[in-house]
Amino acid sequence: MNTLASFFTILIYPAGLTLILFGMFYEWIDRKLVARFQNRAGPRWFQPFADAVKLLAKEQIQPGIVNPYLFFALPIVAIAGASTAALYVPLMGFTPPSSFSGDLIVTLYLLSLPTMCVGLAGWNTSSRFSLIGATRALTQLFAYEAPFMLALLGPALVAGSWQIGEINEYAQTRWLILSQPIGFIVALIGLMGKLELPPFDAPEAETEIVAGALTEYSGRGLMMFKIGKSIELVVGLTLVSAFYLGGLSGIGSFLLKSVALLFLMSVMQTLFTRFRIDQTVGLWWRFGAILVLAQIVVIILWKGYMP
Amino acid sequence: MNIEQILQAAEKILEPWNKETLRPEANRVDIVMQADDLHAATVALHEAHWGYLSAITGMDLGVDSGQMEALYHFCSGPAIVSLRVRVPRENTSIPSIADILPPAIFFERELSETLGFKVAGLDESDRLFIPDDWPPDVYPLRADFSPEQATPVAEKHVEEIPEQGMLTGNTFVIPIGPQHPALKEPGHFQFTVDGEIVTGAKMRLGYAHRGIEKAAESRSWFQNLYLFERVCGICSHTHAMAYCMGVEKLAQVEAPPRAHAIRELVAGLERIHSHLLWLGVAAHEAGFDTLFMYSWRDRETVMNLLEQVTGNRVNYSANVLGGVKCDIGAEQAEKIKEGVDYLETRIRHYLEVVTTDAMFLNRTRGIGSITAAEAERFGLLGPTARASGLMRDVRIEAPYGAYVRYPVSLVTRTNGDLEARCEVRLEELLVSCFAIRAILDNMPDGPLTVRMPRKIPAGETISRVEAPRGELLYFIKSNGGENPARVHVRTPSLCNWVSVLEKAVGRQLADVPMLIAGMDPCFSCNDRLVSVVRPHGSEILSWTQLRKLGIEYYSR
C-alpha cells in the first residue's frame with residue numbers, strides 16, 4: 001500500500017471523514033426515531049452536523065485542577081480508538097481494509113477504548129459529578145463487556161475463525177440470529193450498554209449527576225467524545241449486523257440491516273426506564289452472562305459431536 | 001364527634017396549662033399559655049393523638065404593646081386549636097417542640113429568621129430561608145423593620161459548598177442545585193455519599209424569595225389577591241381561593257353558590273394540570289422520558305381548558321373577593337366535558353402504566369416507603385400522606401365552599417412508596433374528573449359576586465384548602481383597616497420536606513431525584529417569605545435599575 005492510499009484510507013474512506021459523516025447520519029436517525037416515538041418533532045437532518053460545527057468552533061474550558069495533557073489527549077484517544085476499530089469491520093459491506101487473524105479481539109478492545117477514556121476523563125477532572133459518572137461508566141463496562149464479547153464469540157466459534165472478514169463471509173450463507181437468538185439479543189443490548197443509550201444511561205443520568213464523566217468538558221473536547229461515540233455506534237451496528245443478520249455483502253444490505261438494527265434500538269430506548277447502576281450490573285451478570293455462556297456451551301458441544 | 005366535642009377534648013387535655021380560652025371562630029379554640037408550658041402541652045396533645053401540628057404563625061404585636069406572639073395551630077378534622085404564646089419583645093425565648101414533632105423545625109426556623117424568636121436549641125449557624133448575607137439581628141417581619149436596615153453584610157456571605165467538602169476519605173458531598181437538571185426550581189441539597197449510598201442529607205431553601213408576606217402588609221385587601229396568586233405558578237388558584245375565603249369569612253360575606261361551584265371547578269382542572277405535570281417530572285427523574293413527553297402532551301388539553309375558562313394559562317386569576325370573575329356558558333361546559341372525557345381515558349392509561357410497567361416499577365416499588373406511623377410523625381400532608389394510609393384531605397375532613405355540595409372521595413394507599421404516590425395522585429385525578437362533571441351538570445344559577453367592603457372588620461381567621469400538594473393554610477389578621485395586619489401562608493411542601501431528608505439516607509444516589517420528586521416539591525411556595533435583596537448580591541436594585549442592568553447585560 002503506498003502512502004497516498006494509506007492517507008486516503010485513514011482520512012477519507014473508510015475511516016476518517018466518511019465514518020464521521022456516517023456516524024452523524026446514524027445519530028440523526030436515532031434521535032429522530034426516538035423523538036417521533038415520544039411524540040416530539042425531533043431534529044432536522046443536519047442537526048448533528050450543526051452541533052458539531054458549533055461545538056468544534058467553541059472554546060474548550062479547562063478546569064484548574066486537571067492534568068492538562070490528559071485532558072486534551074483523552075478525547076483524541078477515544079476518537080482514534082473507535083476509528084481504528086472501523087478498519088477491521090466490513091463497513092458499508094466492503095471487505096475490511098485491514099485484517100489479520102484474531103482481529104475480532106483487537107476490535108472489541110479498541111471499541112472499549114472510548115469508554116475507558118470517558119472513565120479517565122471523569123477521574124481527571126475530579127468534579128464530583130464526573131467522579132460518580134466515571135465510576136458508573138467503568139462499573140457498567142465491567143458488566144456488559146464480558147457478555148458482549150461472548151455474544152460475538154458465538155458466530156466466531158461456528159465460523160471457525162477469529163477474523164471479522166471471514167466470519168462475515170460465513171454469515172452470508174446463513175442468518176445466525178435464527179440459530180443463536182440469545183447471542184443476538186445480548187449483543188444488541190450490550191451495544192446499547194456500550195453506547196450508554198437509555199435505559200443504560202446511568203453514567204450520564206442528568207437528573208442525578210448532570211452530564212456524568214463529561215460534565216467538565218466543553219467545546220472541542222466534548223464534541224470529540226461525541227464523535228467517538230457516533231463512530232462507535234456505526235462500528236457496533238456493523239459488527240452485530242454482519243455477525244447475526246446474514247452478513248454484509250454490499251452497501252445496500254449494510255444500510256438496510258444496520259438501520260433496521262438502529263430502529264430496534266430506538267424502540268428499546270423509548271420503552272424503558274433507566275436502570276440504576278446496581279440494576280444494570282445485576283441484569284448483566286444474573287441473566288446476560290449466564291444465558292450467553294449457556295449458548296456458547298451448546299455451540300461447543302454441537303461442534304464437538306457433529307463435525 | 002362534632003366540632004364542639006373535638007374542641008372540648010382538646011381543651012380538657014390542655015386544662016393544666018390553660019391561662020385563658022378564646023373563641024375567635026366557631027371551629028377554633030385559642031388557648032393562651034406561658035412559653036414554659038408549651039413543651040408539656042405539645043407532649044400532652046401528641047400523646048393523646050389529638051390532630052397534627054399544621055403551622056406556627058409568628059406575629060409582632062407592635063412596638064407599643066411590646067409583645068410578640070407565636071401561634072401553634074393544631075388541626076383535627078375541621079377543628080383547630082391554637083396554642084397562643086406571648087413573649088416580651090426584649091426576651092423572645094421560646095422552647096423548641098421539634099423533638100416531639102420533626103416538621104416543627106421548619107416552622108421554628110421561619111420564626112427565628114423572620115421575627116427573631118429565640119428558639120431553644122435551634123442551630124442558627126446557617127440559614128434556611130433568608131439570604132446568607134442578611135445582617136444579623138434584623139428581622140423583616142417585625143413591626144419596626146425598615147428596608148434600610150437590610151444592608152447586606154459582605155463578609156457574612158458564605159461559600160455554598162466548601163472546597164474541603166469535596167473529598168474526605170471515601171465519602172464526598174454531591175451538591176444538587178440551586179441550578180441542576182433535576183430541579184425545575186431553585187433549591188439546594190447536599191447529599192453526602194459513600195460510593196453510591198447516601199449517608200447524609202442537608203437542604204437550603206430561599207432562592208426564590210419574594211417577600212410576599214411582608215409586601216402584603218402594605219397593600220390593600222384587593223391588591224393582595226393578585227400578590228397571593230403569584231405565590232405559586234402551579235397552584236395559583238388554590239392560593240387565591242384560600243385568601244379569598246379567609247377574607248370573606250372575616251368580612252362575614254358569603255360568596256354566591258355559583259361562584260363556589262366555579263371555584264371548585266377551576267381547582268379541579270388545576271389539580272389535573274398539577275398532577276400531570278408532576279407525573280411527567282417524576283418519569284423524567286426516573287429516566288422514562290417517553291411517559292414524560294406523553295403526559296405533558298395531554299396536560300396541554302387541561303391547560304387549554306383553563307385558558308378557555310379564565311383567559312390565562314398560569315395565574316388564572318379566576319377569583320375576586322366575594323366571588324369569581326369568569327362565568328361558564330353552555331358551549332364552554334360542553335368543551336370542558338369533552339376535554340375531561342379525553343383526559344379521563346388518558347389518566348386511566350397512565351394509571352395502568354405506573355402500576356404495570358416492570359421497568360418503571362423497578363424504580364418506584366418499595367422505594368422511599370413511609371409507614372402510616374412515620375407519616376404521622378413527619379407531619380406529612382396531601383397525596384404523600386394519603387399514599388401512606390393517612391386520611392388527610394381538607395376537602396373531606398373540613399369541606400369548604402362547593403365541596404359540601406359536590407363532595408369528592410378520599411383516595412388512599414397503604415404502601416407509602418413511590419408507586420403508591422403515583423397511584424394516589426392519578427386516582428385523585430379521576431375523582432376530580434367526576435367532580436367536574438357533577439358541577440357542570442348541576443351548576444347553580446345566580447350572581448357571580450357579592451359586594452365586599454373596602455375595610456375588613458378586625459379579627460383573625462384561618463382558611464384551609466386542599467392544594468394539589470396538600471393542605472394549604474392561610475392565617476389572616478385584620479386590624480379593621482384597608483390593609484391586612486398579617487397574612488401567614490403555610491404551604492404543604494414545607495411540611496413534606498422531612499420525608500425526603502429522612503428517607504434519602506441509606507438509599508442509592510440514583511433514587512434521590514425520585515425521592516425529591518415523590519413529594520412534589522414546590523420551591524416557589526416555600527420561598528414566599530422575605531427578601532429585599534438579591535440572594536447573593538450586595539446591592540438593592542430598584543425595578544428601573546434592574547431593567548437597565550438586564551438590557552446592558554444582554555446587549556454586550
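1. Start with the strands near the end of chain B, bearing in mind that this is a predicted model. Strand E13 (residues 459-467) of chain B runs antiparallel to E14(B), and nine bridges join the two. For a register check, B:Ser463 has B:Tyr474 in E14(B) as its bridge partner. Two residues sit between E13(B) and E14(B), which form a hairpin.

2. E14(B) has a second antiparallel pairing, with strand E15 (residues 484-490) of chain B, over six bridges. Here B:Ile476 has B:Val487 in E15(B) as its bridge partner. This is a hairpin again, with five residues between E14(B) and E15(B). If you look at backbone torsions in that turn, B:Gly480 has a positive phi of about 90 degrees.

3. So how covered is E14(B)? Strand E14 (residues 470-478) of chain B has eight buried residues out of nine, which makes the strand mostly covered. When you look at which way its residues point, remember that side chains in a regular strand alternate between the two faces of the sheet.

4. Next, helix H3 of chain B. It covers residues 104-115, 12 residues in total, and reaches 16 Å from first C-alpha to last, close to the 16 Å expected at 1.5 Å a residue. H3(B) is largely enclosed by the rest of the structure, because 12 of its 12 residues are buried. The buried residues include charged-type names you might not expect to list there: among them are B:Glu108, B:Arg109, B:Glu110 and B:Glu113. B:Ile105, B:Phe106, B:Phe107 and B:Leu111 are also among the buried residues.

5. What do the buried residues of H3(B) pack against? Three strands of chain B are involved, namely E3 (52-60), E4 (67-76) and E7 (118-119), along with helix H15 (492-504) of chain B. Just after H3(B) comes B:Gly116, with a positive phi of about 80 degrees.

6. Over to chain A, which has 13 helices and zero strands. Its radius of gyration is 19 Å, close to the 19 Å the globule rule gives for 307 residues, so chain A is as compact as a globular protein of that length. The C-alpha trace spans about 65 × 50 × 40 Å along its principal axes. Of the 307 residues in chain A, 50% count as buried. On contact order, residues 24 or more positions apart make up 80% of the chain A contacts with a separation of 6 or more.

7. One chain A helix to look at is H6 (residues 128-159). Its 32 residues reach 46 Å from first C-alpha to last, close to the 46 Å expected at 1.5 Å a residue. Where is the kink in H6(A)? It lies at A:Tyr144, is about 30 degrees, and comes shortly before the proline A:Pro147. Just after H6(A), A:Gly160 takes a positive phi of about 70 degrees.

8. Last, the contact between the chains. Chain B puts in 26 residues and chain A 23 residues. On the chain B side, at least two residues each come from strand E8 (171-176) and from helices H7 (257-286), H8 (289-310), H10 (358-364) and H16 (512-518). H8(B) gives the largest share of that side, five residues. By class, the side of chain B that touches chain A has 15 nonpolar, six polar and five charged residues.

Technical notes
Residues numbered from 1 in each chain as written. Chains lettered and ligands numbered in written order. Contact = placed C-beta atoms within 7 Å. Helix = DSSP H or I, 4+ residues; strand = E, 2+ residues; numbered from the N terminus. Expected span 1.5 Å × (residues − 1). Buried ≥ 20, exposed ≤ 12 C-beta atoms within 10 Å, placed from the backbone. Rg over C-alpha atoms; globule rule 2.2 N^0.38 Å. Bend = angle between axes of the 7 residues up to and from the residue. Pairing = 2+ DSSP bridges.
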